[in-house]
Structures are given as structure tokens and as C-alpha cells.
Amino acid sequence: MTGQGQQVAVSQTQAAPPKVEYSLSGGLLARLAGMKASLSFTSYQSGFLYMLGVGPQGGAQLHQSGMPKPMGLCADGPDSLVLSAGAQIIRFENVLSEEQRINQVYDACFMPRTQHVTGQLDAHDVGVDRDGRIVFVNTRYNCLATISPRHSFKEIWRPSFITDLVDEDRCHLNGLAMRDGKAAFVTAVSKSNTIDGWRDRRADGGVVIDVEKNEIICEGLSMPHSPRWHDGKLWVLNAGTGEFGYVEKPKGKAKMGKFKALTFCPGFLRGLAFHGGFAFVGLSRPRYKRFEGLELDQRLKDADSEPWCGVQVIDLKSGACVDWFRIDGDIGELYDVELIEGYSCPMTVSPSSPDAGTLITIEEGA
């Protein structure tokens, strides 16, 4: 893995890594160091949860852990992560104290501490509310849900246009934005109320929904993903057009907001995190039928660009890409992006790896 002459260390726990090449912009490591943060992202295609940080010698360190279909990722404070992963929702806890290191390299080690078996719900985005309750997008059942101590899940909300709690993935509910400790906004590929109906509405059927009001506040989008509330705005990835932007509030007598594109990114967009005046946007290569035949195809041709897989850092003032991390080779799809605040070089442990059984830590106290 190289980035403008830099040598970058890659390590993983469990599973053989796919054949890939990694590259990064010359300023990305300095940017992460200045933010006192590291970059995490998921790929259900590769089956890895990735942590990109700055190693003790100042070089890039990429750690990757095998996970069962890693999807939505949420940081719950500096020392906890929640991941939707296949048939599970997994909570990770950092087990290192401030002065401790793993292999004299990693300053945080996120261990799987709670695994809740939900069954195959095709869970997408995940969040944690102010009461510590995990909230996740239950895509197969078209609702927001939380974990249940007895059952696979407990429904807590569904769009007004979905009439039944059924296993039919009608609208392809996918994205979740938390605001002030509550589930505030969601995205769906359509407002279809029939089984798999969203597939026929990929081009312009996408909607953003206000959870509390249960009202659509923006429509006409193409496969929207990753709504996030930041700095007083609701940001959204209009994945089917490759546009990153925000929902503009209604003007005059209009009841519906409009999507205002900030910039075009060369890829199918999923995964969004913020730090100050910068956004970290995940890009995927649209290789499969569900991603093809969208406006993104023509936008790429017009820009004379090939689609990316990776993460681009976007300046929110100018819309320019100021730094980037790129993946070429067997991996073409990412799902979520998160920033790990306070740690420069973290790692994670796979629930099924030997380390999960052999790394023992003890809580201090009587």
C-alpha cells in the first residue's frame, strides 16, 4: 500500500485478505493526526472492518478484522463501537488504558463484548440514543428497530406508507441520522408498499423522512444513503447520481425540502462522517445490476472518470476533495464510514478470532 512514496503497514485478524492495492493522498495522515482521530470503514463485500490510522513511526497503518457482513458502524463515545453485522448487532469496547499499546503499535483495541443475535434482517445503519438504546434500520422489515432480550427485534417506528410489519423489503429503508440523542431522519430508496417495489424506483423514487413527524421532507432522490445531521444541516448522499449535499429547508409555501448538491464524487456513495468543516464520504464502484442504469453512469462518462472505491475528504466550504484513500483490486464496495476520535492507531478484534478468546482484560476494583 503506497501513498505518494509512503510505505504503509497492513495487518489483519482472521481471514485471508483479498487482492487489493491501497493508496492515499499525501496529506491524509497529517489531517487525521491534526484531528486526533482515525478512520474506520466497513465492506460487506470483503467481510472486513477497517481501521486506518497513523503508526508510531508516522506511517499509515491499516488494520482489518474479519466480520460477518459488516454494515452500519456507529461510535458511541470514544471507547465504544456498534456494528450491524449479518445476523448480529455487535458492541465493541476499547480495553486499553491510556498508556497501554498492543504490539507497541495500537493505542486502542476494540474487543467484541456484546453480540446480540437478531437473525438475518439485512440491518443497515445503526445508532445509539441518549438512553444507550441501540437503534438500527431493519431493512427487510421496513422499520426502525431495537434489540430485544427475547426476540429477534422490537419495532419502534415505521414509515407512514408501510402498512404492515412483514418480511418484504418494500421501500429499502437504509439510512439513519441521529440528532440530539434521538433517531431523527431516515432514507429509503422508494415509498413503495409492495414486496421489492423499490427496485423499480431506483432512479428517482428516493425519499428522506422526518421520523418524529413521520413525514417525507425530500423526494425525487436516486438511492439516497447515509443521512447525517451536522452543523445545523441534514446531509445526504444521493448515491445514484454520485452527489453529496444537504436537504434545503422549504421556502415560501412549499412543504417539501429540496436536495442541494455540494459536489460530485466519482462513485456510488455510502458512508458519511464529519469532523469540523470536512466530510468523509465513502465511494463504491457500481459493478452490480442494482447499481447500474442510474444517472451516475452518465455523470462518470461526462467527467471522463472511472468509479472509485475508497473515501474522499470533502471541504464543506468549497466542495473540493482535499484528501483521499483509495482501494483498487478485488474490493469495490464499502458501506459505512466513521471517525474514531481520540485514537491515532486503533485495531479491532473479530468475534470469531483466537484473540477474542485469549486476550483477557480485568476491570479494576474490589
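This briefing walks through one helix, two sheets and one buried residue of the structure above. The model is predicted, so local features need pLDDT of at least 70, side-chain atom pairs count only at pLDDT 80 or more, and totals for chains, interfaces and linings use all residues. Residues are numbered from 1 along each chain as its sequence is written, and side-chain values use heavy atoms, with hydrogens and water left out.

**Helix α1**

- Helix α1 covers residues 28-35; helices (H or I, at least four residues) and strands (E, at least two) are DSSP runs, numbered from the N terminus.
- Leu28, Leu29, Leu32 and Met35 are its buried residues, where buried means under 20% relative accessible area, exposed over 50%, and partly exposed in between (1.4 Å probe, protein chains only).
- Looking down the axis of α1, you find these buried residues within an arc of 130°, so they line one face of the helix; the arc is that of the directions from the helix axis to the C-beta atoms.
- Ala30 and Gly34 are exposed, on the face turned away from the buried side of α1.
- Lys36, just after α1, takes a positive phi of about 55°.

**The sheet β16-β17-β18-β19**

- In this open sheet, 4 strands follow the order β16-β17-β18-β19 with antiparallel pairing; two strands pair if DSSP finds at least two bridges between them.
- β16 and β19 (215-221) are the edge strands, each pairing on one side only.
- From one strand to the next, the twist averages 20°; axes are lines fitted to C-alpha atoms, for helices over the stretch in contact, and angles run from 0 to 180 degrees between N-to-C directions.
- β16 and β17 (residues 182-188) are joined by 6 bridges in the antiparallel sense, and Met178 stands opposite Ala183 in β17.

**Asn174, a residue in β16**

- Asn174 lies in β16 (residues 173-179) and counts as buried because its relative accessibility is 0%.
- The side chains of Asn174 and Thr187 share a polar contact of 2.6 Å. Such a contact is a pair of N or O atoms within 3.5 Å; within protein, one must be able to donate a hydrogen and the other to accept it, and residues adjacent in sequence count only if both atoms are side-chain atoms.
- Leaving aside residues up to four places away in sequence, Asn174 touches several residues, among them His124, Asp125, Pro224 and Tyr335; contact means heavy atoms within 4.5 Å.

**The sheet β12-β13-β14-β15**

- Here 4 strands form an open, antiparallel sheet in the order β12-β13-β14-β15.
- β12 (123-128) and β15 (154-157) stand at the edges with a single partner strand each, so one side of each has no neighbour in the sheet.
- The twist averages 35° from one strand to the next.
- β13 (residues 134-138) pairs with β14 (residues 143-146) over 4 bridges, and Asn138 has Cys143 in β14 as its bridge partner.
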